[in-house]
Amino acid sequence: MIQRKKFLLLCVLLSTLLQSAKRTSDPHFKEASTVNKQYIKQLDQFERQIQEFQEEGTKKKFLQLRNSFKTCEYLLCYVNNQLAKSINGPNIIVNEYDSLNPNEQIDPHGLQVIEYHLYQPSENSKNEIAKEIQLLKSSITQIKNRHLREQRSDFKLFNTLVWDAWRVEIMRIEALGITGFDTPACGNALPETISALQSLKKFIQLYKNSIQKKENKEFNQLINAGIEFIEQNLNFNAFDRLTFIHEYLHPLSEKINHTRAQLGFEFPSNIRPVNNEADHLFSSNILNDTYFSNSSSPERIALGKMLFNDTQLSLNNTRSCTTCHDPGKAFTDGKVKNSNFEETKELLRNTPTLINAGWQTKFFYDSRVKNLEKQAISVIHNPDEMGGDLQQVIEKIKHNENYILLFHLAYKDNINESTLVNAISVYIQSLRAFNSKIDRYFRGESELLSADEKAGFNLFTGKAKCATCHYLPLFNGLVAPYFMETESEKIGVPSKKSAPKEIDPDLGRYNYTHLELHRFAFKTPSLRMIAQTAPYMHNGVFGTLEEVVDFYNKGGGAGQGMDFPDQTLGADSLGLSKHEQQSLVAFLKSLSE
């Protein structure tokens, strides 16, 4: 019996050794191990830079610290998305009102908080910087310990993760890096991009034995050319982002994703917002429809369209969804504010477009619901909008032969509240605009954009700071590169255009959350189809895009004398010339299809 146990133990040990030998002889195992070691070295370097900044406290050391962070950002943020917000999140108080603690305000921490106190110092800035340094040290220790504790036993999965992390990092550079989103005061966006690309170059070299020599050479040439392009154009306001994205970032993102596939590193089957097959941020398939809606079908879209146009959804059969969301006006109504159900007063807010509404995670200007089904229910039941009732609607339509057939084809079920509102939501999710001039430009039709439109894009993503709230590629508040958060902003919208200007009394998200930080906060709307969706802002106060651009150029409400200290938009003038404002408007108009 003892001899049998010894024999079994020997077999297990031998099998383990054989498996270990098989793994260590696999080149991909060695590559994964080397990448892991490099990443740990990058974290160590970042930690040393934190210590050096703590000792010297200079702007020079801070910029070195930020550059160091950018070398490891690709995997640090990919694996530790939530914790990474305490390292390089925006310097804005937030509230996760859908969480278990809906009344809890979350203070900002990390590099951007340090940046604020370093570049705009106050009496207490020295103490605040000291606190943030300690928190940074704690966060990086936590990340390192977690990484060492959870090192992947599946080396092929690890290789998949790091290659995809770099694809996501290129998207992050495009949407948040070169736009200045995470360097609002220090202006270090372009040098940091160089640091990230240099880190990518080292990463690619670790796979040189698996990548074909021609492919490896192309990677190096592309990265080197991108770095050289930045080095020759370090002026943030004048930087040609359009060319940099088109000629360097998108080709890099495409090569990264294709090389990952060629190496046999396949994604797991989990559903996430970004499509695994998408090559770059403006790919037509960048977003995964299944993540945003897993219930769409042609039959349901057809049924939803019929319901969307049906006045029977309202109390007295006088209103349909198209009363306020006219397809001929990009699903808006062209009015400052529509009238209430009884036509006796204005509604509270301007009618927003429904184009690309399905690619969001919050709905209504005050972000009070999380899905389109709840939005549909709210509108139908709202006494000022449709004054209807779902049960009464069902009674009206359940004997209609067309509806009976369509509901059967779409749901193989009787007509009920759940299928009715789902059909409407599926139809709204089908309303897409993702093929404008800028999309087609990035997909190969580079002759489409005029000189003014090109200049306007560079202003939008640079000097004018538009892209720091209206994120690429949707030009709304859905934050790239993960597309899981829809943001709101406080910009001090006036109640009227004429002086004296006062802030519009609509409290926005505050009406729903009752949190002070949400007072006058509104969801960042989409700018796609904007040429057809005037008038603008939640109250329709501006009738033209020229007026909107002028408002932002003057620093929003706070920049025009309003007492609005917690405005998330900078109160300083953007300094846009008349010609620059015209170019920006030209680009905005090009976002229509």
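Helix 16 of this predicted model has a long run of buried residues: Thr419, Leu420, Val421, Asn422, Ala423, Ile424, Ser425, Val426, Tyr427, Ile428 and Gln429. With eleven of its 13 residues buried, helix 16 is largely enclosed by the rest of the structure. What do the buried residues of helix 16 pack against? Their partners are helix 11 (289-292), helix 12 (298-308), helix 13 (372-381), helix 14 (390-397) and helix 15 (401-411). The length of helix 16 (residues 417-429) can be checked as well: at 1.5 Å a residue, its 13 residues should span 18 Å, and the end C-alpha atoms are indeed 18 Å apart, so the two values agree.

Let's turn to the nonpolar cores. The largest one holds 115 residues, and those touching the most other members are Leu76, Trp163, Leu200, Ile438 and Phe460. Helix 7 gives the most to this core, with 13 residues. Take Ile438 for a view of the packing: beyond its neighbours within four places in sequence, it is in contact with Leu242, Phe282, Leu449, Phe457, Phe475, Phe587 and Leu591. Another core, of 36 residues, lies apart from the largest one, and its members include Ile380, Ala410, Leu431 and Met529.

Next come the empty spaces. The count of cavities of 30 Å³ or more comes to two. The second largest cavity contains about 70 Å³ of space. Around it stand Lys70, Glu73, Glu169, Arg172, Ile173, Gly177, Asp182, Ala189, Glu192, Thr193 and Ala196. Which elements give two or more residues to this lining? They are helix 3 (59-79), helix 7 (155-177) and helix 8 (189-205).

There is also a pocket to look at, the second largest, with a volume of about 380 Å³. Its lining has 18 residues, of which Tyr78, Asp164, Asn270, Arg272 and Tyr482 lie nearest the centre. Helix 3 and helix 7 are the elements that give two or more residues here, and helix 7 gives the most, with four residues.

Here are the two linings by residue class.

| Space | Volume | Nonpolar | Polar | Charged |
|---|---|---|---|---|
| Second largest cavity | about 70 Å³ | three residues | two residues | six residues |
| Second largest pocket | about 380 Å³ | eleven residues | four residues | three residues |

Finally, have a look at the loop between helix 7 and helix 8, where Gly180 is found. Is Gly180 buried or exposed? Its relative accessible area is 10%, under the 20% cut-off, so Gly180 counts as buried. Leaving aside neighbours within four places in sequence, Gly180 is in contact with Ala189, Phe236 and Thr468. One of these, Ala189, is also part of the lining of the second largest cavity. From Gly180 to Asn309, 129 residues apart along the chain, the C-alpha atoms are separated by 43 Å.

Asn188 is found in the loop between helix 7 and helix 8 too. This residue has a relative accessible area of 6%, and Asn188 is therefore buried under that 20% limit. Which residues does Asn188 touch, not counting those up to four places away in sequence? The answer is Leu63, Arg66, Asn67 and Thr183.

Methods:
Residues numbered from 1 in each chain as written. Predicted model: local features only at pLDDT ≥ 70, side-chain atom pairs only at ≥ 80, totals over all residues. Heavy atoms only, no water. 1 Å grid on protein atoms, 1.4 Å probe; cavity = no way out; pocket = protein on both sides within 12 Å on 5 of 7 lines; lining within 4 Å. Points joined across faces, edges and corners; volume = space filled by probe spheres on them. Nonpolar A, V, L, I, M, F, W, Y, C, P; charged D, E, K, R; others polar. Core = buried A, V, L, I, M, F, W, Y, C linked by side-chain atoms within 4.5 Å. Buried < 20%, exposed > 50% of the residue type's maximum accessible area, 1.4 Å probe, protein only. Contact = heavy atoms within 4.5 Å. Expected span 1.5 Å × (residues − 1).
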